[in-house]
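Reader: I am new to this structure and should like to learn how its features are read. May we take them one at a time?

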Amino acid sequence: MTVDQLDPMPIYEQLARIIRERIKAGDLKERQTVPSETSLQQEHGIARGSVRRAMELLREEGWVVTIQGRGTFVAPQDRWPKD
């Protein structure tokens, strides 16, 4: 799954959806490090600001947690939103 530059959905929302789906599918597991901003930026060919907004959205929703100086991790499953 990749970001579609022509999709009317904002880039950051597309990236958040991609990461959310990777978490749900088990590609990213609880407490596992989420790829860095730089790697996500390069992988999807998007601006760092879009990556940061996506991470902010995922933090607000409870999918990830960021620990300053350590990185961003997949949140424990009991913190994930209920579908």
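Author: Let us begin with a definition. A charge sits over a ring if NZ of Lys or CZ of Arg is within 6 Å of the ring centre and within 35 degrees of the ring normal. Please note that the model before us is predicted.

Reader: Over which ring does the charged end of R53 sit?

Author: The ring is that of Y12, and the charged end of R53 lies 4.0 Å from its centre.

Reader: How is a pair of aromatic rings described?

Author: Such a pair is described by how far apart the ring centres are and by the angle of the planes. The count here comes to one aromatic pair. W63 and W80 form this pair, with 5.3 Å centre to centre and 35° between the planes, and the pair is tilted. Because W63 lies in the loop between α3 and β1 and W80 in the segment after β2, the pair ties together parts that are 17 residues apart in sequence.

Reader: Are W63 and W80 buried or exposed?

Author: Both of these residues are buried.

Reader: How far apart are the end C-alpha atoms of helix α3, and what span should its residues give?

Author: One reckons 1.5 Å a residue, so the 14 residues of α3 (residues 48-61) should span 20 Å; the end C-alpha atoms are 20 Å apart, which agrees. Just after α3, G62 takes a positive phi of about 95°.

Reader: Which residues of α3 are buried?

Author: They are S50, V51, A54, M55 and L58. These residues cover an arc of only 135° around the axis, and therefore lie on the same side of α3. They pack against α1 (11-25), α2, β1 (64-67) and β2 (71-74).

Reader: Which members of the largest nonpolar core touch the most other members?

Author: Of its 23 residues, L15, I19, I23 and L58 do so. Two or more residues of this core come from each of α1, α3, β1 and β2. The largest share, seven residues, is given by α1. Leaving out residues up to four places away in sequence, L15 touches V3, L40, H44, I46, V51 and A54.

Reader: H44 is among the residues that L15 touches. Where is H44 found, and is H44 buried or exposed?

Author: H44 is found in helix α2 (residues 37-44). A residue counts as buried under 20% relative accessible area; the value for H44 is 8%, so H44 is buried. Beyond its neighbours within four places in sequence, H44 is in contact with M1, T2, V3, Q5, L15 and I18.

Definitions and conventions:
Residues are numbered from 1 along each chain as its sequence is written. This is a predicted model: local features need pLDDT of at least 70, side-chain atom pairs count only at pLDDT 80 or more; totals for chains, interfaces and linings use all residues. Side-chain values use heavy atoms; hydrogens and water are left out. Helices (H or I, at least four residues) and strands (E, at least two) are DSSP runs, numbered from the N terminus. Buried means under 20% relative accessible area, exposed over 50%, partly exposed in between (1.4 Å probe, protein chains only). Contact means heavy atoms within 4.5 Å. The expected span of a helix is 1.5 Å times one less than its number of residues. The arc is that of the directions from the helix axis to the C-beta atoms. A nonpolar core is a set of buried Ala, Val, Leu, Ile, Met, Phe, Trp, Tyr and Cys residues joined through side-chain atoms within 4.5 Å. Rings of Phe, Tyr and Trp (its six-membered ring) pair if their centres lie within 6.5 Å; planes under 30 degrees apart count as stacked, over 60 as edge-to-face and the rest as tilted.
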